[in-house]
Amino acid sequence: EALKQIHFPSTSNALYNAINRLKFSEHFFFQLMMLSRKSLLDKLPSKPLIKTGVQTKLVYNTIDFELTKAQKRVLKQIKDDLSQPYAMNRLLQGDVGSGKTIVAIMSIIIAVENNFQSCIVAPTEILAQQHFSSFINYLSDININVKILTGSTTKSQRNLILSDLIIGKIDVLIGTHALFEDDVRFKNLGYVVIDEQHKFGVKQRSKMWKKNNPPPHVLIMTATPIPRTLTMSIYGDLDISV
């Protein structure tokens with residue numbers, strides 16, 4: 001009836017009702033799809049990352065500032081997720097400069113301590129390089145092998161990184177879209193961080209899940225402020241930390 005009335009309305013009121021009905025239908029089924037997707041993801045088996053120890057404390061002591069209450073709260077939410085036998089699928093939302101990177105670093109150390117590899121995907125080479133510098137800065141006292149892979153990495157460097165990655169010599173790989181390539185294969189990828197996630201598609205995100213069996217835990221980060229109602233609509237398949 002709504003489909004008929006939107007094309008050939010009998011009255012202006014019938015047209016108004018038809019538009020509302022079709023809008024409601026579209027949104028309702030979109031929400032159903034998101035709920036369905038979330039219920040599937042909530043049951044996606046993964047390896048629990050439980051062990052935390054010396055390296056976590058070393059990084060914590062290297063930081064020359066006190067973590068904020070919000071950072072500690074978010075870190076606890078992530079740690080709780082990582083300890084579950086299901087893959088984490090969490091959105092971390094915070095303003096530029098609010099300290100999302102240090103939260104990512106602290107949580108990546110947990111993966112490393114549980115003998116899993118991690119990667120950070122950034123949309124630009126500049127951002128990937130910034131993350132690499134942060135990691136080198138904060139992890140200088142720790143024996144962790146961190147590498148960067150971008151479009152401008154030379155062929156010989158790339159080949160070396162790919163061979164070290166698959167035998168497990170690299171603990172953390174930071175890079176751009178280059179990380180989505182099929183020839184980028186990990187020995188045991190346990191944790192994926194995607195920065196500025198709105199610049200990546202859902203299919204690209206799911207590509208990272210397929211890089212390990214069982215699928216890795218995923219944290220996606222954004223500095224774009226999103227109203228709560230919109231967040232629930234568009235990111236209904238994710239758990240959210242602010």
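1. Start with helix H5 in this predicted model. Of the 14 residues of H5, 13 are buried, so the helix is largely enclosed by the rest of the structure. H5 runs over residues 100–113. From its first C-alpha to its last, H5 reaches 20 Å. That is close to the 20 Å expected at 1.5 Å a residue. In general, an α-helix has 3.6 residues a turn, so residues three or four places apart point the same way.

2. Look next at what comes after the helix. Asn115 follows H5. The phi of Asn115 is positive, near 65°.

3. Now the charged pairs. How many salt bridges does a search of the whole structure find? The search finds seven. Three of the seven are taken up below.

4. The side chains of Asp182 and Lys207 meet in a salt bridge, at 3.8 Å from N to O. Asp182 lies in the loop between strand S4 (172–175) and strand S5 (189–194), while Lys207 lies in helix H8 (residues 202–209), so the pair ties together parts that are 25 residues apart in sequence. Are these two residues buried or exposed? Asp182 has 61% relative accessibility and counts as exposed, because the cut-off for that class is over 50%. Lys207 has a relative accessible area of 37%, so it is partly exposed.

5. Asp164 and Lys169 form another salt bridge through their side chains, at 3.9 Å from N to O. Here the acidic partner is enclosed: Asp164 has 12% relative accessibility. Buried means under 20%, so Asp164 counts as buried.

6. A further salt bridge joins the side chains of Lys4 and Glu1, with 3.9 Å from N to O. Both Lys4 and Glu1 are exposed. Set this beside Asp164, which is buried.

7. Last, the empty space inside. Rolling a probe the size of a water molecule over the atoms shows where such space is left. The count comes to one cavity of 30 Å³ or more. About 30 Å³ of space lies in the largest cavity.

8. Which residues line the largest cavity? They are Ser46, Lys47, Leu49, Phe116, Leu189, Gly190, Asn212, Pro214, Pro215, Pro216 and His217. By class, the lining has six nonpolar, four polar and one charged residues. Lys47 is the charged one. The nonpolar residues include Leu49, Phe116 and Leu189, and the polar ones include Ser46 and Asn212.

Key
Residues numbered from 1 in each chain as written. Predicted model: local features only at pLDDT ≥ 70, side-chain atom pairs only at ≥ 80, totals over all residues. Heavy atoms only, no water. Helix = DSSP H or I, 4+ residues; strand = E, 2+ residues; numbered from the N terminus. Expected span 1.5 Å × (residues − 1). Buried < 20%, exposed > 50% of the residue type's maximum accessible area, 1.4 Å probe, protein only. Salt bridge = Lys/Arg side-chain N within 4 Å of Asp/Glu carboxyl O. 1 Å grid on protein atoms, 1.4 Å probe; cavity = no way out; pocket = protein on both sides within 12 Å on 5 of 7 lines; lining within 4 Å. Points joined across faces, edges and corners; volume = space filled by probe spheres on them.
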